[in-house]
Amino acid sequence: MSVEGPVPDPWNQGEPKVRIAITREISAALARCELTHLERREIDLPLARRQHADYERALESLGCRVVRLPQDPDLPDSVFVEDVAVVLGELAVLTRPGAPSRRGETPAVEAALRPYRRLRRIEEPGTLDGGDVLVVGPHVYVGDTGRTNRAGFVQLRDLLGPLGYSVARVAVRGCLHLKSAVTRVARDLLLLNPERVEAEAFPGLRAVAVDPEEPAAANALLVGGSVIFPGEFPRTRGRLQEAGVDVVTVAASELAKAEGAVTCCSLVLEIPATSAPI
């Protein structure tokens, strides 16, 4: 479907906002994480936790109030909270992760989101990972991957279509999620790996390509007018800066071994300042 103009924001546009970032402590069982495209390597858990703490500080530096959920030793991948929900202005959609081992992550994230959003959910037989969902204004792009099936896509489309969103499925090659291949870094600017996703799938948007020597560099987290970006990809960082993007660099080497990246580790949303918890 085509959409004219922006989707209405349910909050009062003139009211000051508070930015919330929901994160989760790294599980002690991270070494047992799900892997699809990478070979298993040893993860330095203390270093991963230090890097994650630096990531949370970066979120705070960009105006986020961090809501930190506790770690769960039975849920190795639970630090990757993005996969468990898709958060929009009007509501949050609780996903049904494609990896069965991850479905136990939902209750804690659901409880964290309930004060801020109406909740809907993807039901069986649908599967959907939040890492496969890229929102650009009124347009929602859903990766066609091993973690998100057609039933999950159709359910999301049916939930969001009546709210004025267009929802399109996008082919992805050689990586775990859509947002392993493309992310939004400014109002109308994407960062993408053209070997993993076609720029033509996003009509009307400009794109910066990752440096060919950094194929895993397409994941960046847009927060306000800045992006949080892994320090392991200096060539692509330079391309972003040349495009006028304000980049906040963090180290992300250890969670990358678990097929994680910077968007994976938070759910960022805005609420009116008057309704924010003290």
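Is Asn193 buried or exposed? Select Asn193 and look. This is a predicted model. Asn193 has 5% relative accessibility, so Asn193 counts as buried. The cut-off for buried is under 20%.

**Stop 1: around Asn193**

Asn193 sits in a loop. The loop runs between strand 10 (189–192) and strand 11 (206–209). Now show the neighbours. Leaving aside residues up to four places away in sequence, Asn193 touches Ala181, Val210, Pro215 and Ala218.

Next, show the side chain of Asn193. One of its polar atoms lies 2.8 Å from the backbone nitrogen of Glu195. Then select Pro215. Its backbone oxygen is 2.9 Å from a polar atom of the Asn193 side chain.

**Stop 2: over to strand 4**

Jump to Thr95. Thr95 and Asn193 are 98 residues apart along the chain. Their C-alpha atoms are separated by 25 Å.

Now select strand 4, residues 91–94. In a regular strand, side chains alternate between the two faces of the sheet. Check both sides here. Leu91 and Val93 are buried on one side, and Ala92 and Leu94 are buried on the other. Both faces of strand 4 are covered.

**Stop 3: the partners of strand 4**

Add strand 3, residues 85–87. Strand 3 and strand 4 pair in the antiparallel sense, over three bridges. To find one of these pairings, select Ala85 and its bridge partner, Leu94. The two strands form a hairpin, with three residues between them.

Now add strand 5, residues 118–121. Strand 4 and strand 5 run parallel and are joined by four bridges. Leu94 appears again here, opposite Arg121 in strand 5. Follow the chain from strand 4 through helix 2 (residues 106–113) to strand 5. This β-α-β crossover is right-handed.

**Stop 4: a three-strand sheet**

Which order do the strands of the open sheet of three have? Show the sheet and read across: the order is 6-7-8, with mixed pairing. Strand 6 (133–136) and strand 8 (166–171) stand at the edges. Each has a single partner strand, so one side of each is left without a neighbour in the sheet. From one strand to the next, the twist averages 25°.

Zoom in on strand 6 and strand 7 (residues 139–144). They pair in the antiparallel sense over four bridges. Select Leu134 and you will find Tyr141 of strand 7 opposite.

Last, show helix 3, residues 150–160. Helix 3 packs on the sheet and touches strand 6, strand 7 and strand 8. Its direction makes about 160° with that of strand 8.

Definitions and conventions:
Residues numbered from 1 in each chain as written. Predicted model: local features only at pLDDT ≥ 70, side-chain atom pairs only at ≥ 80, totals over all residues. Heavy atoms only, no water. Buried < 20%, exposed > 50% of the residue type's maximum accessible area, 1.4 Å probe, protein only. Contact = heavy atoms within 4.5 Å. Polar contact = N/O pair within 3.5 Å; in protein donor to acceptor, adjacent residues only side chain to side chain. Pairing = 2+ DSSP bridges. Right-handed = clockwise from strand over helix to strand, strands pointing away. Axes fitted to C-alpha atoms, helices over the stretch in contact; angles between N-to-C directions.
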